[in-house]
Amino acid sequence: MLDPTIRSSAEESELLYAAGPVVRVELPGGVSAWAVTHDAPAREVMRDSRFVKDIGQWGPWTRGEIPADWPLIGLVDLGPSLVSTDGAEHRRLRRPVAREFTPQRVEALRGRVEEITRELLDRTAEAAAAEGSGGVVDLKDTFAFPLPITVVGELFGMPVEWHRPLRKLYDSFFDDNAAPETVHATLQGLYDYIARLVRLKRDEPGADLTSALLSELGDDPSQEAVEELIATIQVMITAGHETSVHVIVNAVRSLLGDPAQLELVHSGRYDWDDVVEESLRLDSPALNFLFRFATEDIDVAGTLIREGEGVVISYGGMGRDRAQHGADADRFDIARRPRHTSFGHGPHSCPGSALARLETTIALRELFARFPCLRLADPDGPLERSPSVIVNGHRALPVRLA
């Protein structure tokens, strides 16, 4: 069983990898699926058009075996969006978003990302100096979360005062132990925020991505087109900040736990983007990604996956693939410069990967330049994981700045 309460995601990912390239797993709620845990077969699955994202192809769902309040349903039953369609429909929905995330357009955001980063580091220093803090500050709360949500919020024209309530909703969204009533309330809450954003930009268009996407729908879009847009924006905002939060936290934790690796960067032998890529490989922000569904019986690495069965892509296991990353794939080593798959592969690869890389590289560079004596508040204590088999995150990252 994939356990959302496991203390070490590294141990579970190692067990998944060791179990073989394709293994049967049980998800929270007793839902059975296949997990592809090695890099090469996972890439094959992500390229294979016989594996689709349409929940209507999932046998247990069509047979009524999956309850509507299943904790992970919000990651599967998304309506028509970038992550739930295939083929021509997927290309149609993806095209306008991909245009906004070209390397050139992302690079144009560099100055603003640096400005936001430095403002947040000022606030982090103030929080650490505040009376009663004891010099300890939660770096996730003051820095790792506000940076990407501010960047993506500005891109989509989201009001700043929405950031904190959305944070609570996303924490609930990725909580695999959520009660059934919480699941429904969380999904409705997230939908309501994005629907409000779309209405706001229809009434008062601006120089933001929501307004640009709305303009492509014409003057009198159908309700179906508006629902597609809401689903697409929800996916982009979710993926556009959640990934970066965990990359920043996981990379800081790895560097502070291995001063020799940090010194390799400070010495100039390696760059901050080397840190980001190695963290993406070994500590992928997405441990497992749901779902692809087999439209016929398909052999994957010697295992027969039957029509209608669901397949999980195990990024945690793939990052430890010895054939891809070497015999020491379980070790954090920024000299590795890996070829990893943490942003996906094939038609559904993440269109926002360039922005995530820009944000996290700037964040780490500026953080350690500002606070070169940064250290964990409790170097010997474990960090409490977020209760999820999907995201590889921690509830908090308590640190001392000096």
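Helices (H or I, at least four residues) and strands (E, at least two) are DSSP runs, numbered from the N terminus. The model is predicted: local features need pLDDT of at least 70, side-chain atom pairs count only at pLDDT 80 or more, and totals for chains, interfaces and linings use all residues. Residues are numbered from 1 along each chain as its sequence is written, and side-chain values use heavy atoms, with hydrogens and water left out.

**Exercise 1. Backbone exceptions**

Task: Locate the cis peptide bond at phenylalanine 291, then place the positive phi values of alanine 301 and arginine 337.

Solution:
- Step 1. The bond running from leucine 290 to phenylalanine 291 is cis, and its omega is near -25 degrees. Phenylalanine 291 belongs to strand β5 (residues 288–294).
- Step 2. Alanine 301 has phi near 50 degrees, positive although the residue is not glycine. Alanine 301 sits in the loop that joins β6 (298–300) to β7 (303–305). Its relative accessible area is 45%, so alanine 301 is partly exposed (buried means under 20% relative accessible area, exposed over 50%, partly exposed in between, with a 1.4 Å probe and protein chains only).
- Step 3. Arginine 337, also not a glycine, has a positive phi of about 50 degrees. The loop between α16 (322–325) and α17 holds arginine 337. Arginine 337 counts as exposed because its relative accessibility is 51%.

**Exercise 2. Overall dimensions**

Task: Compare the radius of gyration of the chain with that of a compact globule of 402 residues, and describe the fold in numbers.

Solution:
- Step 1. The rule for a globule is 2.2 Å times the number of residues to the power 0.38, with the radius of gyration taken over C-alpha atoms. For 402 residues a compact globule would come near 21 Å, and the chain has 21 Å, so the two agree.
- Step 2. Along the principal axes, the C-alpha atoms fill a box of roughly 55 × 55 × 40 Å.
- Step 3. The secondary structure consists of 17 helices and ten strands.
- Step 4. Of the 402 residues, 57% are buried. The chain exposes about 17,100 Å², of which carbon and sulfur atoms supply 50% (Shrake-Rupley method with a 1.4 Å probe; for residues, only the protein chains shown count as cover).
- Step 5. Take the contacts between residues at least 6 apart in sequence: 73% of them join residues at least 24 apart (contact means heavy atoms within 4.5 Å).

**Exercise 3. Two residues of helix α12**

Task: Which residues do threonine 232 and leucine 255 touch, not counting residues up to four places away in sequence?

Solution:
- Step 1. Helix α12 contains threonine 232 and leucine 255.
- Step 2. Threonine 232 is buried because its relative accessibility is 4%. Leucine 255, at 1% relative accessible area, is buried.
- Step 3. With residues up to four places away in sequence left out, threonine 232 touches Ser81, Leu82, Leu93 and Val97. With the same exclusion, leucine 255 touches Gln261, Leu262, Trp272, Val275, Phe332 and Phe368.
- Step 4. Leucine 255 and glycine 87 are 168 residues apart along the chain, and 41 Å separates their C-alpha atoms.

**Exercise 4. Cavities and a pocket**

Task: Which helices supply at least two residues each to the lining of the largest cavity, of the second largest cavity and of the second largest pocket?

Solution:
- Step 1. Fix the terms. On a 1 Å grid over the protein atoms alone, a cavity is a set of points where a 1.4 Å probe fits but cannot get out; a pocket is an open set with protein on both sides within 12 Å along at least five of seven lines; lining residues have an atom within 4 Å of a point.
- Step 2. The largest cavity holds about 110 Å³ of space (the space filled by probe spheres set on the points, which are joined across faces, edges and corners). α12 and α17 (353–370) each supply at least two lining residues, and α12 gives the most, with five.
- Step 3. For the second largest cavity, of about 80 Å³, the helices are α9 (163–173) and α10 (180–203). α10 gives the most to this lining, with three residues.
- Step 4. The second largest pocket contains about 640 Å³, and its helices are α1 (9–19) and α12 (223–256). Its lining has 28 residues, with Arg7, Ser8, Ala10, Arg253 and His394 nearest the centre.
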